[in-house]
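These are my notebook entries on one structure, written down as I looked things up. I begin with a term that I needed for the entries on pockets and contacts.

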Amino acid sequence: MTTLPKPRQPELKTSLPGPKTAAIMARDAQHLSTSYMRPYPFVPDQGEGVWLTDVDGNTMLDFFAGIAVSTTGHAHPHVVKAVQEQITRFAHVCLTDYPQEITTSLAERMVKHVEKPGEKWRVFFGNSGAEAVEAAVKLARNHTGRSHIISTLGSFHGRTYGAITLTGSKTKYKRGFGPLLPNVSHVPYPNPFRPPLGSTPQFCGDAVLAHVKNLFQTVLPPDEVAAFIIEPMQGEGGYIVPPMGFLKKLRGLCDQHGILLIFDEVQAGMGRTGKMYSFQQFEEYGGVQPDIITVAKGIASGLPISAMLAKESVMTWPVGSHGSTFGGNPVAAAAAHATLDLLEGVVKHPGCGDSLMENAASVGEFILTELKGMQAEFPFIGDVRGQGLFIGLEFVKPDGSPDGKLRDAASMAMFERGLLNLDCGEAVIRISPPLILTREEAATGLEIMRDALRALK
């Protein structure tokens, strides 16, 4: 009888934190910015695939991918090779001044996923999600000649000045930094699990749109609104998927008033939901096309690059009106090409089907099914939601209200058992592993989660 090899497990050689980790964290606390959070005592030393090993030799299963950044896992050989080859040619010239084939071809690859017949798109490259959002706001104001921007509560669009004004998830991001960008309004996000404005799960999207229409009739002239920016699937606010039909109706409302629609795909984009961009999950229900898309985190498997995609009819700002010294860096662009190779299936990753997008959809469905099955055993799991490997697990008190303390305890219990994770929203653990996660590795992570949750009962 053949004995199958046991799936790889986390390996904890020391207590957490280990002595080397503790020493580095002590130095870190003395010399780095006081704004850094440090929720877990972990100092990475090296990574391989979906596994990260700290400086003390403790190996953890990665279920958060550096906040949905490490698309192809750690040290993927195809990405490493692309980076090595490019850095031996040249590492920087400045895309603002000199065109480069590697970024031109990257733009061509990115827009092909959104362009439709008769609709051409263009790309501006930056370094971070916040930069992409800043560019989108500048472009929207410049193109429309209007000043007002509408965002949503629970949103996260970055922490630079314009982006932080749009962000609506936590007051700590704004406290002490005002005055911020003028002419910005926030409206509720349509959360089916916690319907806003006294609505129901089915009609929460309609309630939000009715609220916007009321603003247009009372305090906010719609002809002064340049853009409505929204995450098609909300990240920091709790990994929330809006009801079907909402984005299409929002598109119609924007069209009615000449308002640009910006989709922030910084966290949910780049194949994470099983589609290149998360808004494409809604296409079969009457798809919607935005005017501008912001993308960052998952583009280059850990190297810093972002993109602001816009319809050519919208990208009308003049030469020299916007730029970036490092944006579109050729080494990061090489990593982005390699990442797209794996996302599109040009290069296959062993055990991950025809493409990493296909794998994200398949493994994500498996995780969602298993987590929903856990709800019967753990009544404090109020909701399990998401698409692909963009999954949220919300913890609740007996009365149904968010239980942030229990979420924090669960998150730490998982960490102590060798599972790297990260919270979001009021009481949510996000599951956003590298897209190379196999079903076997997912099962290992789920078993760790189950064991941690049982310890909390």
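Entry 1, classes and sources. I count Ala, Val, Leu, Ile, Met, Phe, Trp, Tyr, Cys and Pro as nonpolar, Asp, Glu, Lys and Arg as charged, and the others, Gly among them, as polar. The model is predicted, so I note that local features need pLDDT of at least 70 and side-chain atom pairs count only at pLDDT 80 or more, while totals for chains, interfaces and linings use all residues. Residues are numbered from 1 along each chain as its sequence is written, and side-chain values use heavy atoms, with hydrogens and water left out.

Entry 2, a pocket. I looked up the second largest pocket (on a 1 Å grid over the protein atoms alone, an open set of points where a 1.4 Å probe fits, with protein on both sides within 12 Å along at least five of seven lines; lining residues have an atom within 4 Å of a point). Its volume, the space filled by probe spheres set on the points, is about 780 Å³. The lining has 26 residues, and Leu-95, Arg-122, Val-123, Phe-124 and Met-315 lie nearest the centre of the pocket. By class I find 13 nonpolar, 9 polar and 4 charged residues in this lining.

Entry 3, two helices. How are α10 and α12 placed (helices are DSSP runs of H or I, at least four residues, and strands runs of E, at least two, numbered from the N terminus)? The axes, lines fitted to C-alpha atoms over the stretch in contact, with angles from 0 to 180 degrees between N-to-C directions, come within 10 Å for α10 (residues 356-374) and α12 (residues 439-454), and they cross at roughly 20°. That makes α10 roughly parallel to α12, a word used for angles under 35 degrees. The contact (heavy atoms within 4.5 Å) includes Phe-366 and Leu-371 of α10 and Leu-446 and Met-449 of α12. Its residues divide into 10 nonpolar, 1 polar and 3 charged.

Entry 4, a second pair. I found that helix α3 (residues 77-87) packs with helix α9 (residues 330-344) at an angle of about 150°, with the axes 8 Å apart. That makes α3 roughly antiparallel to α9, the word for angles over 145 degrees.

Entry 5, the backbone. Most residues other than glycine have a negative phi, and most peptide bonds are trans. Leu-16 and Pro-17, however, are joined by a cis peptide bond with omega about 5°, and the bond from Gly-178 to Pro-179 is also cis, with omega near 0°. Ile-67, although not a glycine, has a positive phi of about 65°, and I place Ile-67 in helix α2 (residues 65-68).

Definitions and conventions: Parallel < 35°, antiparallel > 145°, perpendicular 65-115°, else oblique.
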